[in-house]
Amino acid sequence: MGLLLRALWWRRGLSLATLIVAAITIGAGSLGPLYAHAAAESTLRDALDRQGADAGLHYTYAVELDTEDDLITAESRGPQPGSIKAYPDIIPAVVLPTQAATPAQVTAGNNGPRTQLVWRQDVCSHLRMVRGRCPTKAGEVIVSERTLQGDYYGWRVGGQLRLSNVPQAVAGGSPVPTTVTVVGSYQLINSQDVYWQGRHYFDAAPGAGAGDQPDTVDGIFVDQSELATLASTQVEVQVDYPIAADRIRLADVDRLQTDVRKLTSFVSQSRRGDTFSTSVLNVLATERHERSLVDLATLLVSLQLAVLAWLVLFQVVADAVEAKGSEIALAKLRGLSPRATIRFGLAEPLLLVLLATPLGILGGWLSVHAVASS
């Protein structure tokens, strides 16, 4: 070893060149697989983010809503949040089809346009208030700003609406139609927001009613406290599990697919939910195809880089061995066996390649890390 180190120092210029070229070669060889893995992680994240609504789990139940416990019971009919790693949270909602009109219109026999009475958890964080404010207590609603434009329906902020087919409980008496006050108007910020999970609350269709059929306008949103005022009535409870794309890595995909298949099989056999849907398996299948294309392109580029780098390394190692030509001849004259002579001739370049391996892999990793971070 002492003789080897002295030889490296004696030819330190050539030794340094061999070390650098070997490190670059190893780095080029590792760069492709490292980049392919980083690109695959990115492709997976992009696919789940881009198709967040399709990748979520969606339950819809027809529930007789009488007390708040009925809502809690409906929310718990699906898997517990976090029991599947990709789905740590739920977004519950209650929807009730209705028609809304001013009291004067109701008196005149006009029940107003069709709409939906909707409570959705944390909805005000995903709507832009144009006028007024969000509802904070029972008896308050917000309506779409485009429903107010043109004053086609007589709705206004501060006015009242009578809701058909939405009975309100009265202590000691029969239920009466619900009357609410419009406290604000909203504008949808982003229809592609994963928060909405593909639910249809904004299907305004003015003039679409055939004949004398009423128009359809965007949903009206209420505070959760409004649900407690309703008389026992059947509503649609929606429970969405948005996918947490930042929690999923390539190593988690197989487990996610297995869990979703088991869940789908369980729901179909138990028939506990009125409807259950998810397209996460299709999203993952599409992503796997995209990833295979990235892997193929990366392999082709990596092979070119590696071949070029290995040619340069071969030339440098050949020069290093030639520089020891006289010493190898002396070793033969001193009676070294062919195997020992080969070891003597290749000891320096092999040691340099060995030292360059961790340096090259580290360099490739740092390069990919810098590109992925940016």
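H126 is placed in the loop between β3 (114-120) and β4, where helices (H or I, at least four residues) and strands (E, at least two) are taken as DSSP runs numbered from the N terminus. The model is a predicted one, in which local features need pLDDT of at least 70 and side-chain atom pairs count only at pLDDT 80 or more, while totals for chains, interfaces and linings use all residues. Residues are numbered from 1 along each chain as its sequence is written, and side-chain values use heavy atoms, with hydrogens and water left out. With a relative accessibility of 19%, H126 counts as buried, a class that covers values under 20% relative accessible area, whereas exposed means over 50% and partly exposed lies in between (1.4 Å probe, protein chains only). When neighbours within four places in sequence are set aside, H126 is in contact (heavy atoms within 4.5 Å) with L188, I189, D193, Y195 and W196.

Strand β7 (176-188) pairs with several other strands, including β4, β5 and β6, pairing being assigned if DSSP finds at least two bridges between two strands. Strand β4 (residues 127-132) pairs with β7 in the antiparallel sense over five bridges, and G132 has G184 as its bridge partner in β7. Strand β5 (residues 140-144) is also joined to β7 by five bridges, but here the two strands run parallel. The pairing of strand β6 (residues 160-168) with β7 is antiparallel and extends over six bridges, with Q168 standing opposite V176 of β7.

S144, which is located in strand β5, has Y186 as its bridge partner in β7. The residue is buried, with a relative accessible area of 4%, and, residues up to four places away in sequence not being counted, S144 touches Y186, D218 and G219. The C-alpha atoms of S144 and S185 are separated by 5.3 Å, although these residues are 41 residues apart along the chain.

A search of the whole structure finds nine salt bridges, each defined by a side-chain nitrogen of Lys or Arg within 4 Å of a carboxyl oxygen of Asp or Glu. In one of them, the side chains of E145 and R131 meet with an N to O distance of 3.0 Å. Because E145 belongs to helix α6 (residues 145-148) and R131 to strand β4, this pair ties together parts that are 14 residues apart in sequence. E145 is buried, at a relative accessible area of 13%, whereas R131 is partly exposed, at 38%.

A further salt bridge links D218 with R146, and the closest N and O atoms of this pair are 2.5 Å apart. D218 lies in the loop between β7 and β8 (220-222) while R146 lies in helix α6, so that this salt bridge ties together parts that are 72 residues apart in sequence. D218, also a contact of S144, is buried with a relative accessible area of 2%, and R146 counts as partly exposed at 47% relative accessibility.

The salt bridge between the side chains of R255 and D259 (3.2 Å, N to O) is set within helix α7 (residues 253-270), where the two residues, being four residues apart, are separated by about one helical turn. R255 counts as exposed, with 58% relative accessibility, while D259 counts as buried, with 14%. Elsewhere, R120, R199 and D240 are joined into one network by salt bridges that share partners.

The largest nonpolar core, a core being a set of buried Ala, Val, Leu, Ile, Met, Phe, Trp, Tyr and Cys residues joined through side-chain atoms within 4.5 Å, has 53 residues, and those with the most contacts inside it are L48, Y87, W155, V237 and L256. Apart from this core lies another, of 15 residues, among them V118, Y186, W196 and F221. Two members of this second core recur above, since Y186 is the bridge partner of S144 and W196 is a contact of H126. 

W155, in the 53-residue core, touches A100, A101, T102, P113, V143, T147, L148, L161, V217 and I220, residues up to four places away in sequence again not being counted. On the surface, L296, L299, L300 and L303 form a nonpolar patch with about 380 Å² of accessible area together. Patches are made of residues with over 30% relative accessible area and no salt bridge, like charges being joined within 9 Å and nonpolar side chains (Val, Leu, Ile, Met, Phe, Trp, Tyr) within 5 Å; accessible areas come from the Shrake-Rupley method with a 1.4 Å probe, and for residues only the protein chains shown count as cover. Of the patch residues, L300 lies in helix α8 (residues 280-323) and is partly exposed, with a relative accessible area of 49%.
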